[in-house]
Amino acid sequence: MKAVNLTDEEKIELLRIARNSITSTVNGEGLPEVEPKTENLKTPCGAFVTITINDSLRGCIGYVEPVKSLAETVNEVAAKSALEDPRFPPVEPYELDKIEIEISVLSPLTRVKSVDEIKVGENGIMIKRGWRRGLLLPQVAIEHNLTREEFLEHTCLKAGLPPDCWKDKETEIYIFTAIVFKESDFKQKTGEGV
């Protein structure tokens with residue numbers, strides 16, 4: 001099963017939703033309401049919102065499972081990425097013009113029988129062992145030039161597990177694909193912001 005197939009208009013709408021959500025919550029105005037405009041945006045789907053400033057990570061949170069419509073998911077996780085990522089202090093109002101927003105829309109998870117099924121750069125990974133879970137998006141492997149083994153090790157570490165726990169039969173390994181797009185993709189195409 002594949003992720004939804006998004007048009008450029010739908011991607012721009014999701015980026016607009018994320019930007020509105022971040023701006024509104026960072027300014028203390030609460031989470032805005034969203035009204036999904038297309039069938040794809042109404043489809044329950046997992047998604048992550050990544051916030052960067054000058055190519056440095058500033059926040060990243062998402063839902064792996066499809067718990068809400070894609071539009072509602074992006075709306076919620078955008079605010080959480082800005083305010084609740086435990087690795088960073090909350091985004092401040094003065095940072096709003098500096099942030100770049102990237103959205104990753106996830107396909108459903110598929111459990112792998114062999115790590116040979118993992119295509120570096122195409123698949124993201126989720127490692128699960130007991131109550132611990134760690135997930136890395138497909139673009140992480142490319143950005144950090146990771147081999148398949150390094151990608152698995154980093155995902156184990158993200159779950160708070162030993163780096164080689166992926167070799168253990170008790171560890172569950174899932175893969176997924178993602179449609180990944182960011183604000184600058186559209187600024188370059190149109191010459192203006194989203």
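Ser107 is buried, with a relative accessible area of 6%, and that is a handy place to start in this predicted model. The residue counts as buried because the cut-off is under 20% relative accessible area. Ser107 sits in the loop between E3 and strand E4 (110-111). Its side chain has a partner, too: the side chain of Ser107 reaches the backbone nitrogen of Thr177 at 2.9 Å.

Two loop asparagines make a nice contrast. Asn54 counts as exposed at 70% relative accessibility, and Asn145 is exposed as well, with a relative accessible area of 67%. Both are worth a look for their backbone: phi of Asn54 is near 50°, a positive value in a residue other than glycine, and phi of Asn145 is near 55°, again positive in a residue that isn't glycine. Here they are with Ser107.

| Residue | Loop | Relative accessible area |
|---|---|---|
| Ser107 | between E3 and E4 | 6%, buried |
| Asn54 | between E1 and E2 | 70%, exposed |
| Asn145 | between H4 and H5 | 67%, exposed |

Now for the strands that some of these loops connect. Strands of a sheet pair through backbone hydrogen bonds, either parallel or antiparallel. In this model, 4 strands form an open sheet in the order E2-E1-E3-E8, and the pairing is antiparallel. E2 and strand E8 (178-182) stand at the edges with a single partner strand each, so one side of each is left without a neighbour in the sheet. From one strand to the next, the twist averages 15°. Further in, E1 and E3 pair in the antiparallel sense over 7 bridges. If you want a spot to find that pairing on screen, Thr50 stands opposite Glu102 in E3.

Then there's the pocket. The largest one has a volume of about 950 Å³. Of the 30 residues lining it, the closest to its centre are Leu57, Cys60, Arg87, Leu137 and Lys158. Which elements supply at least two residues of the lining each? They are strand E1 (47-53), strand E2 (56-63), strand E3 (99-106), strand E6 (132-136), helix H4 (138-143) and helix H5 (148-158). The largest share, 5 residues, comes from E2, the strand that also stands at an edge of the sheet. As for chemistry, the lining is a mix of 14 nonpolar, 7 polar and 9 charged residues.

Key. Residues numbered from 1 in each chain as written. Predicted model: local features only at pLDDT ≥ 70, side-chain atom pairs only at ≥ 80, totals over all residues. Heavy atoms only, no water. 1 Å grid on protein atoms, 1.4 Å probe; cavity = no way out; pocket = protein on both sides within 12 Å on 5 of 7 lines; lining within 4 Å. Points joined across faces, edges and corners; volume = space filled by probe spheres on them. Nonpolar A, V, L, I, M, F, W, Y, C, P; charged D, E, K, R; others polar. Buried < 20%, exposed > 50% of the residue type's maximum accessible area, 1.4 Å probe, protein only. Polar contact = N/O pair within 3.5 Å; in protein donor to acceptor, adjacent residues only side chain to side chain. Pairing = 2+ DSSP bridges. Axes fitted to C-alpha atoms, helices over the stretch in contact; angles between N-to-C directions.
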